[in-house]
Amino acid sequence: AARDHIQLLRAHHLGYEQIARLAGTSFTHIREIAGAVARSGGRPPITQIREELANRILAITPDPANRAPQSQVEATGTRCRLQALAAIGWPPHTLAARIGRTPANLRRTMTGATVTARTAAIVDELYDDLWDIQPPHATQDERDAAEAARRDAAERGWPPPLAWDDIDTDPDPDPTTP
């Protein structure tokens, strides 16, 4: 059961190192249990493990929160969240500054097929904080930037937050445009 569960976790983009960290054992031990060592010419797979370790492995869920921060994840939800914020007037340079990125880096995030799990989590938190808040509009520059973001999003067909049934799985309006 533990071997099958490791394969399930791997299919959900959890690496051996991350599984080992979450299970409280070594990378090599997880690979031996999974049979990966035998496939690469090493020792045969482990056929018996302690019940305590098996329970720790089986307790790991294939949840995105369990992914290693630098692992690559599908970017649809991240892209759509950023596009939805732009649709309600959040300028990309403001969003980039709020998450400690450059505008160019944010544009790559908005167009890439994958992002790191850390970036996905950061954008998810940003979206949760801003989806129902209007962007700054105290100065004329802020109002102009918000209007430019709304206009650009409308031209690109980016829907606002409330237009999504499921922002993580709905088809992306146009994944090729920044």
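These legends walk through a predicted model, starting with the whole chain and then moving in on single helices and residues.

**View 1. The whole chain, with its 10 helices and two strands.**
Here's the overall picture before we zoom in. Reading from the N terminus, the elements come in the order α-α-α-α-α-β-α-α-α-β-α-α. The protein chain has 178 residues, and 40% of them count as buried. If you look at contacts with a separation of 6 or more, 72% of them come from residues 24 or more positions apart.

**View 2. Helix α1 packed with helix α5.**
Start with residues 2-11, which make up α1, and residues 51-58, which make up α5. The two axes are 9 Å apart and meet at an angle of about 25°. Under 35 degrees counts as roughly parallel, so that is how α1 runs relative to α5. As for handedness, the crossing of these two helices is left-handed. On the α1 side, look for A2, H5, I6 and L9; they meet A54, I57 and L58 of α5. Sorted by class, this contact has six nonpolar residues, one polar residue and no charged ones.

**View 3. H5, a residue of helix α1.**
Now pick out H5 itself. Is H5 buried or exposed? Its relative accessibility is 13%, so H5 counts as buried. Setting aside neighbours within four places in sequence, H5 is in contact with I57, L58 and I60. Of these partners, I57 and L58 also appear in the α5 side of the contact with α1.

**View 4. Helix α1 again, this time with helix α3.**
Helix α3 covers residues 27-34, and its axis is 8 Å from that of α1. What angle do the two helices make? The angle is about 110°, and because 65 to 115 degrees counts as roughly perpendicular, α1 is roughly perpendicular to α3. From α1, the residues taking part are A2, R3, I6 and Q7, and they meet I30, I33 and A34 in α3. By class, there are five nonpolar residues, one polar and one charged in this contact. A2 and I6 are worth finding here, as they meet α3 residues and also α5 residues.

**View 5. Q18, inside helix α2.**
Helix α2 runs over residues 16-23, and Q18 sits within it. With a relative accessible area of 7%, Q18 is buried. What does Q18 touch, once residues up to four places away in sequence are left out? The partners are N66, R67 and A68.

**View 6. Helix α6, with 12 of its 12 residues buried.**
Because every one of those 12 residues is buried, α6 is largely enclosed by the rest of the structure. The list runs from T76 to A87 and includes R79, C80, R81 and Q83. What covers them includes the strands β1 and β2, along with α7, α8, α9 and α10. From first C-alpha to last, α6 reaches 16 Å, close to the 16 Å expected at 1.5 Å a residue. After α6 comes G89, whose phi is positive, near 105°.

**View 7. P91, in the loop between α6 and α7.**
P91 has 5% relative accessibility, so it counts as buried. Leaving aside neighbours within four places in sequence, P91 is in contact with P135, A145, A146 and A149. There's also a pairing to look for across the chain: P91 and E142 are 51 residues apart along it, while their C-alpha atoms are separated by 8.8 Å.

**View 8. Helix α9 and the elements that cover it.**
The 14 residues of α9, 117-130, should span 20 Å at 1.5 Å a residue, and the end C-alpha atoms are indeed 20 Å apart. Which residues of α9 are buried? They are A117, T119, A120, V123, L126, Y127 and L130. Covering them are elements including β1, α6, α7, α8 and β2.

**View 9. D166, in the segment after α10.**
At 34% relative accessibility, D166 counts as partly exposed. Measuring C-alpha to C-alpha, D166 and C80 are 10.0 Å apart in space, with their positions 86 residues apart in sequence. C80 is one of the buried residues of α6.

Key: Residues numbered from 1 in each chain as written. Predicted model: local features only at pLDDT ≥ 70, side-chain atom pairs only at ≥ 80, totals over all residues. Heavy atoms only, no water. Axes fitted to C-alpha atoms, helices over the stretch in contact; angles between N-to-C directions. Helix = DSSP H or I, 4+ residues; strand = E, 2+ residues; numbered from the N terminus. Parallel < 35°, antiparallel > 145°, perpendicular 65-115°, else oblique. Left-handed = near helix turned anticlockwise from the far one by under 90°. Contact = heavy atoms within 4.5 Å. Nonpolar A, V, L, I, M, F, W, Y, C, P; charged D, E, K, R; others polar. Expected span 1.5 Å × (residues − 1). Buried < 20%, exposed > 50% of the residue type's maximum accessible area, 1.4 Å probe, protein only.
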